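Visitor: Could you take me through one small part of this protein up close? I'm in my first year, so please keep it relaxed and go step by step.

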Amino acid sequence: MATQTKRRRVAGPVGGGDAAPDPVAGFLSWCRQVGLELSPKVAVSRQGTVAGYGMVARESVQPGELLFAVPRAALLSQHTCSIGGLLERERGTLQSQSGWVPLLLALLHELQAPASPWSPYFALWPELGRLEHPMFWPEEERRRLLQGTGVPEAVEKDLANIRSEYYSIVLPFMEAHPDLFSPRVRSLDLYRQLVALVMAYSEGPGPSFSLPPQNCLRMVATQLIPKGHEIFNTYGQMANWQLIHMYGFAEPYPDNTDDTADIQMVTVREAALQGTKVEAERLLLYERWDFLCKLEMVGEEGAFVIGREEVLTEEELTTTLKVLCMPAEEFREFKDQDGWGDNKREEDSLTITNIPKLKASWRHLLRDSVLLTLQTYATDLKSEQDLLSNEVYTRLSWREQQALQVRYGQKMILHQLLELTS
């Protein structure tokens, strides 16, 4: 469960606040008290890490070796916090879209509790006011640097949901229990920061934050970790836009082999509409689109996802190109059969290497869709390549560098598609 290059790390230095003079010593002492087992081959340190505190290999660690084991009772959650009973009794009133409200209330309470058992853990947290997730960037900067990537839209949805959740559920609960939540934690800004931390450190959406069934959480090495190397928790397969959205950083090109570019489904419809000449053709195209919606192949807010070596939404894109490009008579027959009875041919396979072999009409529609997608960015590929030259790149701010990596990775995938559809 550790040691891939996608790093679970929240950017920004650790805040001093009321922490002990040596937060690591305090934390390690706490680990011993709660029975946390730490391998003698690893160390918690700020030296040799990418940002803030991390875990470094003192000796070479073999695959399968235990790095640490955390007792179930030491895990901070809505079940183990000091107001766990109240949160359980009020569970019905704390339900939300994110599923994170009980956990976030547990964090808000323990953060301000003078004798919280997790105080030594909090001392190692990043400084909350310096998190680098795009949700904390000024809106103008976020739009300017990430236009076309899909991140600004995702962030705006997050911010709206967080605000709604805070004012409709979280704040009323804290105000109903003023003895448990001091005024200093009744803050939308703090709540937003804690949401970002939960996004960065959780293993997935809210419900999966529940405690594991075993008595402890075990972290083991998945590959050889050389002496002196920092140890990272893995994210799984995530594109750069997802990494910057959830964790505040992106991987430099071409390191992220899981990077993707999106073509909005409605963009393909727009590209197809460009090819219509008369009203009857436009009406037929909308009829085809409505049929694709009925088949649940497309939606107004959906996207076709293109990776470097494969189309991740192959069935949806194949069906869409086929339905939008087939002759009118063939579409009538296809529609009468509700999309059944059509044998998929090998030459219609939408693997990246097979795209040049697609029917000309499919390639043209795909190419027009890519061109429209590229128009949504504020800059072209040549501009990004100029910025990536070492001399210029080093003068960019952290945010500018991360945003550039997101844009460049997406544009490289889209330009590869352009070449394949030419």
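Visitor: Let's pick Ser 45. Setting aside the neighbours within four places in sequence, which residues is Ser 45 in contact with?

Guide: Once those sequence neighbours are set aside, Ser 45 is in contact with Gly 52, Tyr 53 and Gly 54. Keep in mind that we're looking at a predicted model. Ser 45 belongs to strand β2, which covers residues 42-45. The side chain of Ser 45 also has a polar atom that lies 2.8 Å from the backbone nitrogen of Gln 47.

Is Ser 45 buried or exposed? Its relative accessible area is 15%, and the cut-off for buried is under 20%, so Ser 45 counts as buried. Now look at the rest of the strand. In a regular strand, side chains alternate between the two faces of the sheet. In β2, Val 42 and Val 44 are on one side, while Ala 43 and Ser 45 are on the other. Those four residues are all buried, so both faces of β2 are covered.

Next, let's see who β2 pairs with. Strand β3, residues 54-57, runs antiparallel to β2, and 4 bridges join the two. One pair you can find by eye is Val 44 in β2, which stands opposite Met 55 in β3. Gly 54, one of the contacts of Ser 45, falls within the range of β3 too.

Step back a little and you'll see an open sheet of 3 strands, in the order β2-β3-β6, with antiparallel pairing. β2 and β6 are the edges: each has a single partner strand, so one side of each has no neighbour in the sheet.

Now follow the sheet over towards β6. His 229 sits in the loop between β5 and β6, the latter being residues 230-231. Leaving out the neighbours within four places in sequence, His 229 is in contact with Met 55, Val 56 and Ala 57. You've met Met 55 already, as the residue opposite Val 44. His 229 has a relative accessible area of 44%, so it is called partly exposed, the class between 20% and 50%. Here's a nice one for thinking about folding up a chain: His 229 and Ser 60 are 169 residues apart in sequence, but their C-alpha atoms are 8.8 Å apart in space.

That loop also leads us to β5, which belongs to another open sheet. This one has 3 strands in the order β1-β4-β5, again with antiparallel pairing. Its edge strands are β1 (37-38) and β5 (216-220), each of them pairing on one side only. β1 pairs with β4, residues 66-71, over 2 bridges in the antiparallel sense. If you'd like a pair to click on, Glu 37 has Ala 69 in β4 as its bridge partner.

While you're exploring, a few loops are worth a stop. Pro 254 is in the loop between α8 (240-247) and β7 (260-264). The peptide bond from Tyr 253 to Pro 254 is cis, with omega near 5°. Then go to Glu 296, in the loop between α10 (279-294) and β8 (303-307). Phi of Glu 296 is near 60°, a positive value in a residue other than glycine. Glu 296 has 70% relative accessibility, and exposed means over 50%, so this residue counts as exposed. Compare that with Lys 359, found in the loop between α12 (328-336) and α13 (360-374). Lys 359 is partly exposed, with a relative accessible area of 36%. From Lys 359 to Asp 290, the C-alpha distance is 23 Å, with their positions 69 residues apart in sequence.

Finally, zoom all the way out. The protein has 16 helices and 8 strands, and its C-alpha atoms fill a box of roughly 75 × 50 × 40 Å along the principal axes. Of the 422 residues, 49% are buried, Ser 45 being one of the buried ones. Take the contacts between residues at least 6 apart in sequence: 75% of them join residues at least 24 apart. The accessible surface comes to about 20800 Å², and 51% of that belongs to carbon and sulfur atoms. As for charge, there are 42 positive and 56 negative side chains, and the centres of the two sets lie 4 Å apart.

Terms used:
Residues are numbered from 1 along each chain as its sequence is written. This is a predicted model: local features need pLDDT of at least 70, side-chain atom pairs count only at pLDDT 80 or more; totals for chains, interfaces and linings use all residues. Side-chain values use heavy atoms; hydrogens and water are left out. Buried means under 20% relative accessible area, exposed over 50%, partly exposed in between (1.4 Å probe, protein chains only). Contact means heavy atoms within 4.5 Å. Accessible areas come from the Shrake-Rupley method with a 1.4 Å probe; for residues, only the protein chains shown count as cover. Lys and Arg count as positive and Asp and Glu as negative; His and the chain ends are not counted. The place of a charge is taken as NZ of Lys, CZ of Arg, CG of Asp or CD of Glu. A polar contact is a pair of N or O atoms within 3.5 Å; within protein, one must be able to donate a hydrogen and the other to accept it, and residues adjacent in sequence count only if both atoms are side-chain atoms. Two strands pair if DSSP finds at least two bridges between them.
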